[in-house]
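Q: Hey, I'm new to this one. Could you walk me through it?
A: Sure, let's pull it up and start with the overall picture.

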Amino acid sequence: MPGEESMSARVKHLNGRLPSVVEDEIHRLMLVDYRIAALVLVPTAGDFSGPLKVAFSTRRFSDLTGYENAQVADRETDWLQGPETDAQALEDIRAAVVAGEEAETHLLSYTNAGDAFWVRVQAHPLKRRDGVMDGVSVFFSPAEKTRASYLSDVWSRIEAAWGDEHPQADDDRF
């Protein structure tokens, strides 16, 4: 089958056979390899509450991040984070993945060279017909977010949390 060599090169380090829903997603993404930045993740221990590792990455993902396919195969994804990555946004995506739900957010991510860039991240569970999740597709697209808009979002969350915890507080006291 065309492209089979590239798939096996990207998943060569994974032990055992991948679930069919994951293999189907990889074959689907291979058709758009140069157009879509994506990863397919699978659990390291069969449970999505633990670490996830890369089963597949597209060429467009490599172009976007500077990480070659061989560098990411069978690795956990913490290398995409850096000192200014929003930990709460990561936790929100993680919670959605554990719950088997789709998630979307903007993150400050990092290239292989250490350069920060804004990216829109969409996570989609890969479920069998019986509803069991076997993997997650994660799509990345460059985002037009600025540091000011990020800080505005963070401030909005702080205000919302303050209001929830202090319903009697009014602004005249400050």
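Q: What share of the contacts with a separation of 6 or more comes from residues 24 or more positions apart?
A: Those residues account for 50% of such contacts in the protein chain, where contact means heavy atoms within 4.5 Å. Keep in mind that this is a predicted model, where local features need pLDDT of at least 70, side-chain atom pairs count only at pLDDT 80 or more, and totals for chains, interfaces and linings use all residues. Residues are numbered from 1 along each chain as its sequence is written, and side-chain values use heavy atoms, with hydrogens and water left out.

Q: OK, and how many helices and strands are there?
A: The protein chain has 6 helices and 5 strands. Helices (H or I, at least four residues) and strands (E, at least two) are DSSP runs, numbered from the N terminus. In sequence order the pattern is α-α-β-β-α-α-α-β-β-β-α.

Q: How much of the chain counts as buried?
A: 41% of the 174 residues. Buried means under 20% relative accessible area, exposed over 50%, and partly exposed in between (1.4 Å probe, protein chains only).

Q: And what area does the chain expose?
A: About 10100 Å², with carbon and sulfur atoms supplying 50% of it. Accessible areas come from the Shrake-Rupley method with a 1.4 Å probe; for residues, only the protein chains shown count as cover.

Q: Let's do the strands. Which sense do S1 and S2 pair in?
A: Antiparallel, over 5 bridges. Two strands pair if DSSP finds at least two bridges between them. S1 is also joined to S5 by 5 bridges, again antiparallel.

Q: What are the bridge partners of Leu41 in S2 and S5?
A: In S2 the partner is Val54, and in S5 it is Val136.

Q: Why is S2 described as largely enclosed?
A: Because 6 of the 6 residues of S2 (residues 52-57) are buried, the strand is largely enclosed by the rest of the structure. S3 is largely enclosed as well, since 6 of its 8 residues are buried. As for S5, 8 of its 10 residues are buried, so that strand is mostly covered.

Q: What about S3 and S4, how many bridges there?
A: They pair antiparallel over 8 bridges, and Tyr110 stands opposite Ala116 in S4. S3 and S4 form a hairpin with 5 residues between them, and Gly114 in the turn has a positive phi of about 90°.

Q: Is Ala113, in the loop between S3 and S4, buried or exposed?
A: Ala113 counts as exposed because its relative accessibility is 66%. Its C-alpha is 7.1 Å from that of Gly66, 47 residues apart in sequence.

Q: Then how many bridges join S4 to S5?
A: 9 bridges, with the strands running antiparallel. In S5, Gly135 is the bridge partner of Leu126. The hairpin of S4 and S5 has 5 residues between the strands, and Gly131 takes a positive phi near 90° there.

Q: Switching to Met133: where is it, and what does it touch?
A: Met133 is in strand S5. Leaving aside neighbours within four places in sequence, Met133 is in contact with Phe48, Val97, Gly100, Pro125, Leu126 and Lys127. Met133 counts as buried because its relative accessibility is 14%. The C-alpha atoms of Met133 and Val22 are 9.6 Å apart, although 111 residues separate them along the chain.

Q: Now pockets. What volume does the largest pocket have?
A: About 530 Å³. The residues closest to its centre, out of 25 that line it, are Leu41, Thr77, Gln81, Leu90 and Ile93. On a 1 Å grid over the protein atoms alone, a pocket is an open set of points where a 1.4 Å probe fits, with protein on both sides within 12 Å along at least five of seven lines; lining residues have an atom within 4 Å of a point. Grid points are joined across faces, edges and corners, and a volume is the space filled by probe spheres set on the points.

Q: Which element gives the most to that lining?
A: H5, with 5 residues.

Q: And what's the lining like by class?
A: It has 16 nonpolar, 5 polar and 4 charged residues. Ala, Val, Leu, Ile, Met, Phe, Trp, Tyr, Cys and Pro count as nonpolar, Asp, Glu, Lys and Arg as charged, and the others, Gly among them, as polar.
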